[in-house]
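Subject: A structure for you to look through

Hi,

Here is the structure I promised to pass on. Have it open while you read, and turn it around as you go.

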Amino acid sequence: MADNLTLEVSVEQIAEVVHRMQPEMRRTLVTLVPELLEVAGLVTTITHYPEDGGYLARCISLDAVAWGNTVEEVREELVGAVIETAETLVENVPNPSRALRRRLPYARVIYERRHDRDQVKSFLGLMDDGV
């Protein structure tokens, strides 16, 4: 008689594996399985606002924003904002609302990396070749 094997995989584990994929493979996977978009990593955007003389960066998955005068500056500012958001969610929100619970897996992934800004920057897709 065969035993049933049950494997539990957390959102954090899925996000970690997807993050380690090559960018082209990740895009293909998300295209084929759109439901993975939410766990594929932290979705970030950088928008140039020439009329205001700067850039707005957002980490949509954690609802973090930053402003900078250059792309390099806004990347660094966003890394700081994301780390602060992750620390707040992990350390200071004992009973998160439903909306915050959706952000918690991402916050935990960043929280574990918070002492290595380059690792956080890489996970956000903000390395020099990522934007």
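To start with the whole chain: of its 131 residues, 33% are buried. Keep in mind that this is a predicted model, so every value below is computed from the prediction. The accessible surface comes to about 8,600 Å², and carbon and sulfur atoms account for 51% of that. If you take the contacts with a separation of 6 or more, 38% of them link residues 24 or more positions apart.

What is the chain built from? It has five helices and three strands, and going along the sequence you meet them in the pattern α-α-β-β-β-α-α-α.

The strands

Let's take the strands in order. S1 (residues 44–49) runs antiparallel to S2, and six bridges join the two. Which residues face each other here? Threonine 45 has arginine 58 as its bridge partner in S2, and threonine 47 stands opposite leucine 56. Between S1 and S2 there is a hairpin with four residues between the strands, where glycine 53 takes a positive phi near 70°.

S2 also pairs with S3, again in the antiparallel sense, this time over five bridges. Arginine 58 turns up once more, with valine 65 as its bridge partner in S3. So arginine 58 is bridged to threonine 45 and to valine 65. The S2–S3 hairpin also has four residues between the strands, and in this one aspartate 63 has the positive phi, near 60°.

While you look at the strands, here is a handy general point: side chains in a regular strand alternate between the two faces of the sheet.

The core

Now for the inside. The largest nonpolar core has 23 residues, and those with the most contacts inside it are Cys59, Leu62, Leu78, Val82, Ile110 and Leu124. Where do the core residues come from? Strands S2 (54–59) and S3 (64–68) each supply at least two of them, and so do helices H3 (71–92), H4 (98–113) and H5 (117–123). H3 gives the most, with eight residues.

Valine 82 is a good place to zoom in. Leaving out residues up to four places away in sequence, valine 82 touches Cys59, Leu62, Ala64, Ile110 and Leu124.

A tyrosine and a tryptophan

Next, have a look at tyrosine 49, which is found in strand S1. Is tyrosine 49 buried or partly exposed? Its relative accessibility is 29%, so it counts as partly exposed. Apart from neighbours within four places in sequence, tyrosine 49 is in contact with Gly54, Leu56 and Trp67. Its C-alpha atom is separated by 9.6 Å from that of asparagine 69, which is 20 residues away along the chain.

The contact with Trp67 deserves a second look. The count of aromatic pairs comes to one, and that pair is tyrosine 49 with tryptophan 67: it is tilted, with 6.4 Å centre to centre and 35° between the planes. Because tyrosine 49 lies in strand S1 and tryptophan 67 in strand S3, the pair ties together parts that are 18 residues apart in sequence. Tryptophan 67 also counts as partly exposed, at 37% relative accessibility.

Charges over rings, and a lysine

Two arginines sit over aromatic rings, so try finding both on screen. The charged end of arginine 113 is over the ring of phenylalanine 123, 5.2 Å from its centre. Arginine 114 lies over the face of tyrosine 111, at 3.7 Å from the ring centre.

Last stop: lysine 121, in helix H5. Is lysine 121 buried or exposed? With a relative accessible area of 11%, lysine 121 is buried, because the cut-off for buried is under 20%. Setting aside neighbours within four places in sequence, lysine 121 is in contact with Glu76, Val79, Leu126 and Met127.

That's the tour. Happy to chat once you've had a look!

Cheers

Conventions:
Residues numbered from 1 in each chain as written. Predicted model: local features only at pLDDT ≥ 70, side-chain atom pairs only at ≥ 80, totals over all residues. Heavy atoms only, no water. Core = buried A, V, L, I, M, F, W, Y, C linked by side-chain atoms within 4.5 Å. Buried < 20%, exposed > 50% of the residue type's maximum accessible area, 1.4 Å probe, protein only. Contact = heavy atoms within 4.5 Å. Pairing = 2+ DSSP bridges. Phe/Tyr/Trp six-rings, centres within 6.5 Å; stacked < 30°, edge-to-face > 60°. Lys NZ or Arg CZ within 6 Å of the ring centre and 35° of its normal. Areas by Shrake-Rupley, 256 points an atom, 1.4 Å probe, with all protein chains shown as cover.
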